[in-house]
Amino acid sequence: MNDIPHDFLRDLAVVLGVAGVTTVLSQLVRLPVVLGYLLAGVIVGPETGVPLFADRERIRELGELGVIFLMFSIGLEFSFRRLSRVAPRAGLVALVEIGLSFFLGAEVVGLFGGDGVTRLMGGAIVCISSTMIVAHTFQHLDIDRRVRDLVIGVLIMEDVAALFLIAVLTAVGSGGEAPSLSLAARTGVRLLLFLTGIAAVGIVVVPRLFRYVVALRRRETLLLASVGLCFMLALLARVEGFSVALGAFVAGALLAEAGVGRRVEPLVEPLRHIFGGIFFVAAGMLLDPDKALAVWPVILALTLVVLVAKSVGVSAGAFLSGQPVRVAVQSGMSLTQIGEFSFVMAAAAPVGTMIGGAPIFDVAVAVAVLTAALSPVLIRNSQRIALDVDARLPRPMQTFVSLYGSWLELLRTPGSSAPRHPFRRALAALALDAALIAAIVAGASYNMSDIVAWVTTMTGLAARAAQFLVLAGALVVALPFGIGIARVARRLGGRLAERALPLPAGRAVDQGRSPRRALAGAIQLGIVAVVGLVLLAISQPLLPGLGLPLLFLLGLMFLTVAFWRSATDLQGHVRAGAEVALHVLARPSTRARSTEEALAQVERLLPGIGSLAPATIAEGSAAAGHTLAELNLRGLTGATVVAVSRQGEPTVYPDGHERLEAGDVLALAGSHDAVAAAVTLLGQGKERARE
């Protein structure tokens, strides 16, 4: 009888002792503590031969508590009000990022021989970033507030997506059912009913109960009541066929909505650190280094998917939502890692699920280790890389990105009289076309074996040729609806562009044609890209192959060429605006206000040129003596210099080699916030700039 407690105590001492050493070492080399926990698991695991062996099954059971406390803590920080506030922008970013990551992850797993379930698991484990790693890295760095807010918003949206993925993966793993749209739909309905029922009861009961508990002013009572609620809902979730992680998250969210989340969070934090650490140690114990090394091509490919898909997906989505290039790229590079959610989803995989010959959990841990090691380095260097990316953009794209934010400002301006009914009809048509394509994919996937057998019988073709014929037929049937998506996107882009930059009345000259075309093309390209990525993410586990991705890429290339032409035409419009602005700057005036009023008149005459504002390079300014390329004003603020006036000598649309001097008057264009930031930056003195 005494052996069991002794063994348990020994295992706990070994795990916590080794984890204490490895986490200290990881922090000394400025790496996330998650890596220290995983390294501790590898050391005390049975695969390395180190004489510090702990019982893997016992630690795994303790790790289950870590999952519960981790998800409970995430729920405590969750807020439906915060979700509604960040959803418009962060939701778009998360949709692009998750769609691209899931598709590429599933595609890579398919290339290494994975079936439908394995592709589903592979796509899932690479599409959710690690909140723990991001939060740990942000604590030690001075991150721009806009980058921080956007990254946290995307992480919140990823949490919501992870709940659905965990529910689907749990259903696949426990029921042995192949992935399909019907399974996803059934799981989604069950999840919605479960959450609705819990919320209906919890919103009534939990606030009243915990107001009474808080009134007792006993910390231990509040802790016990909170943890009790957490484990009750975790158990209920498991009984209903969901993951314990879902129940724990819902418990934390209910406490957050009840207004006691901030009181409970510091009480639960020590438990989260201890058991959360044990969870990561347990994950490391499951890693077999020999098996992981044997499938290094798979691990390297999935690591590249995480790094490329997340950085590109977040950057593209953030830019489409109106963020400057620097903020978009920095945000993308801040989310290039996987972590706790990937382990939870990998653990839900059916027993024996392999990727390239290695267990899926080993692959997930190996990819997490590599991305977690690289993530802090990428985040620290993200601003430098973002500024470099902005500086290397082609000139037409530099012009476009400077003005795009100002156009979205006009689009978001309240009080527009444009009717919303056409937009709703267009969105409904877009959703219908996308749903029909998804239904065609699902039907072809579900009935593939029967259709292939019928084609083989009727034509005498081999099974492989018959399958190719069926896939080609499905693509042909889906093609009209894909064209319909492009047409609806074009119509929607045109209407939104006209709302931001209205057409002139009567027969007046249309001075806003070029920017309106560029905005419409960008919106159309963005809509097609977002809808296409979602459809690819849905179709890849169900209907593998390169047919649908190739059609998507061809359509995207065609729209990109059209957009590039409109962005090139925009150059002439901006140059005309720069020449008019230059005349305003060159005109002698004793009042700054008269110059601002004249530039405002230029904005009205040439719509789409953005907000125009003058900026004078004063004596002692940090900008004096530097070229525009050295200042990288557009990269730092999002505003661009369209004209420079120097002692009566005009320069229209200067390039990066233009060196500024004291007394120069600049015309700045961009969104209101970008122009204001640029004016502030140019007005800084040399001492302030050095700080």
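**Entry 1: Ser73**

I began with Ser73, which is buried, its relative accessible area being 4%. I was working throughout on a predicted model. Ser73 belongs to helix α3, which spans residues 56–76. I looked for a partner of its side chain and found the backbone oxygen of Phe69, which the side chain of Ser73 reaches at 2.9 Å. Once I had set aside the neighbours within four places in sequence, Val268 and Arg272 were what I found in contact with Ser73.

**Entry 2: the chain as a whole**

I then stepped back to the chain, which has 691 residues, 52% of them counting as buried. I noted 28 helices and six strands along the chain. I also looked up how contacts are spread over sequence separation: of those in the chain with a separation of 6 or more, 79% are between residues 24 or more positions apart.

**Entry 3: Gly228**

My next stop was Gly228, in helix α9, which covers residues 219–239. I asked myself whether Gly228 is buried or exposed. Its relative accessibility is 27%, and because buried requires under 20% and exposed over 50%, Gly228 counts as partly exposed. I also took the C-alpha to C-alpha distance from Gly228 to Ala251, which came out at 9.6 Å for a pair 23 residues apart in sequence.

**Entry 4: helix α17**

I turned to helix α17, residues 382–391, and listed its buried residues, which are Ser382, Ala386, Leu387 and Asp390. Because the arc that they cover around the axis is only 130°, they lie on the same side of α17. I set beside this the general point that an α-helix has 3.6 residues a turn, so residues three or four places apart point the same way. I then asked what covers the buried residues of α17. I found that the cover includes α14 (325–334), α16 (360–380), α18 (395–412) and α26 (633–637).

**Entry 5: Ser382**

From the buried residues of α17 I picked out Ser382, for which I noted a relative accessible area of 1%, so that Ser382 is buried. Its side chain reaches the backbone oxygen of Ile379 at 2.8 Å. When residues up to four places away in sequence are not counted, Ser382 touches Gln330 and Met333. I recognised both Gln330 and Met333 among the buried residues of α14, and α14 is one of the helices covering the buried residues of α17.

**Entry 6: helix α14**

That led me to α14, which I found mostly covered, with 10 of its 10 residues buried. The buried residues of α14 include Val325 and Arg326, which I kept in mind for the next search.

**Entry 7: cavities**

I searched the whole structure and found three cavities of 30 Å³ or more. The largest cavity holds about 50 Å³ of space. Which residues line the largest cavity? I wrote down Pro324, Val325, Arg326, Asp390, Val401, Ser402, Arg634, Gly635 and Gly638. Sorted by class, this lining has three nonpolar, three polar and three charged residues. I noted that α14, α18 and α26 each supply at least two residues of the lining, and that these three helices are also among those covering the buried residues of α17. Asp390, which is part of the lining, had already appeared in my notes as one of the buried residues of α17.

Conventions:
Residues numbered from 1 in each chain as written. Predicted model: local features only at pLDDT ≥ 70, side-chain atom pairs only at ≥ 80, totals over all residues. Heavy atoms only, no water. Buried < 20%, exposed > 50% of the residue type's maximum accessible area, 1.4 Å probe, protein only. Helix = DSSP H or I, 4+ residues; strand = E, 2+ residues; numbered from the N terminus. Arc of directions from axis to C-beta. Contact = heavy atoms within 4.5 Å. Polar contact = N/O pair within 3.5 Å; in protein donor to acceptor, adjacent residues only side chain to side chain. 1 Å grid on protein atoms, 1.4 Å probe; cavity = no way out; pocket = protein on both sides within 12 Å on 5 of 7 lines; lining within 4 Å. Points joined across faces, edges and corners; volume = space filled by probe spheres on them. Nonpolar A, V, L, I, M, F, W, Y, C, P; charged D, E, K, R; others polar.
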